[in-house]
Amino acid sequence: MKPLIVANWKMFFTVPEAAVRAAQIDEAAESYPQVTVVVCPSFTAIESVADAMAFASVGAQDLYPADEGNFTGAVATPQVAEFCSYAIVGHSERRLLFHEDDQLIAQKMAAVLKAGITPILAVGETAQQRRAKKTKAIIAQQLRKDLAQVAAKDLAKVVIAYEPVWAISKGKARSATAASVQEVEEGFAIIQKTLYTLYGKSAGKVRLLYGGSSTAKNCAQYFAIPACAGALVGAASRDPKEFSRMIAQLAKAKGA
Ligand code: PGA
């Protein structure tokens, strides 16, 4: 399975700021063709980022699961497909700040697959859920509900990012602690076991990413985990130099 690293720029950058950074990241993508590099900018910058990159792919941070209609402010799946080959679905910021439930996320998964876009489904527990020892139940429940409309034949197209909510950086100070290798391995094991229960052996075809305060300094330890195909990166991806170092490390770790 090809290693994959995804830049989630969240709500940062004007169009010129995004285009400059995209071009820099594209140079690293050119140097490491063995790694799939995806950049997810704000919708306003999607076309410019697409134009600025020849080797990296463009992804959406979100979309609406309808072909068109009266949905003020939303972006339809076919509109996303005009520019993007990847889409993040169910990011914890969408779940928590925009009150997205698993039913909507399941609809998004179905819409994305129908449009030929690769979904990057983000799952993970909050600090409170972890303290209450609900990590396993929460991840299993998210997967069961979010994948409800995904058939076994489509499972290989799905990417799943384990993003413990407590590990995701907040604000410029990056005030969060990345998960330990053991915590990531435990998260992956829960995901793999749940997928196996739901789909049997097709489960092994899903690429797993880690997300949450990953940086050029700490990413090698995650990339060394055999089940880890790469990372979903927030803050560190906004610095093209740092993100390029992460791309290089992923290529090295996977011997690609
Ligand atoms: P972070 O964000 O790398 O800034 O923690 C990851 C994410 O939210 O996808």
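This report describes the surroundings of the ligand, two pairs of packed helices and two loop residues in a predicted model.

Residues are numbered from 1 along each chain as its sequence is written, and side-chain values use heavy atoms, with hydrogens and water left out. Because the model is predicted, local features need pLDDT of at least 70 and side-chain atom pairs count only at pLDDT 80 or more, while totals for chains, interfaces and linings use all residues.

**The ligand and its shell**

The ligand is surrounded by 13 residues, where a residue is near a molecule if one of its heavy atoms lies within 4 Å of it. The closest are K10, H91, E163, S169 and S213. By class, the shell comprises five nonpolar, six polar and two charged residues. In this scheme Ala, Val, Leu, Ile, Met, Phe, Trp, Tyr, Cys and Pro are nonpolar, Asp, Glu, Lys and Arg are charged, and the others, Gly among them, are polar.

The table lists backbone atoms that form polar contacts with the ligand, that is, pairs of N or O atoms within 3.5 Å.

| Backbone N or O atom of | Partner | Distance |
|---|---|---|
| S213 | ligand oxygen | 2.7 Å |
| G234 | ligand oxygen | 2.8 Å |
| A235 | ligand oxygen | 2.8 Å |

On its own the ligand has 280 Å² of accessible area, and the protein covers 99% of this; such areas come from the Shrake-Rupley method with a 1.4 Å probe.

**Loop residues with positive phi**

S213 belongs to the loop between strand 7 (207–211) and helix 9 (219–223). Helices (H or I, at least four residues) and strands (E, at least two) are DSSP runs, numbered from the N terminus. Although S213 is not a glycine, its phi is positive, at about 55 degrees. F13, in the loop between strand 1 (4–8) and helix 1, is likewise not glycine and has a positive phi near 85 degrees.

**Packed helices**

Two packed helices are described by the angle between their axes and the distance between the axes. Axes are lines fitted to C-alpha atoms, for helices over the stretch in contact, and angles run from 0 to 180 degrees between N-to-C directions.

Helix 1 (residues 15–31) and helix 10 (residues 240–253) have axes that come within 9 Å and cross at roughly 20 degrees. They are therefore roughly parallel to each other, a term for angles under 35 degrees. Helix 7 (residues 135–146) and helix 8 (residues 181–199) pack at about 45 degrees, with their axes 10 Å apart. Helix 7 and helix 8 are therefore oblique to each other, as angles over 145 count as roughly antiparallel, 65 to 115 as roughly perpendicular and the rest as oblique.

Definitions and conventions:
A polar contact is a pair of N or O atoms within 3.5 Å; within protein, one must be able to donate a hydrogen and the other to accept it, and residues adjacent in sequence count only if both atoms are side-chain atoms.
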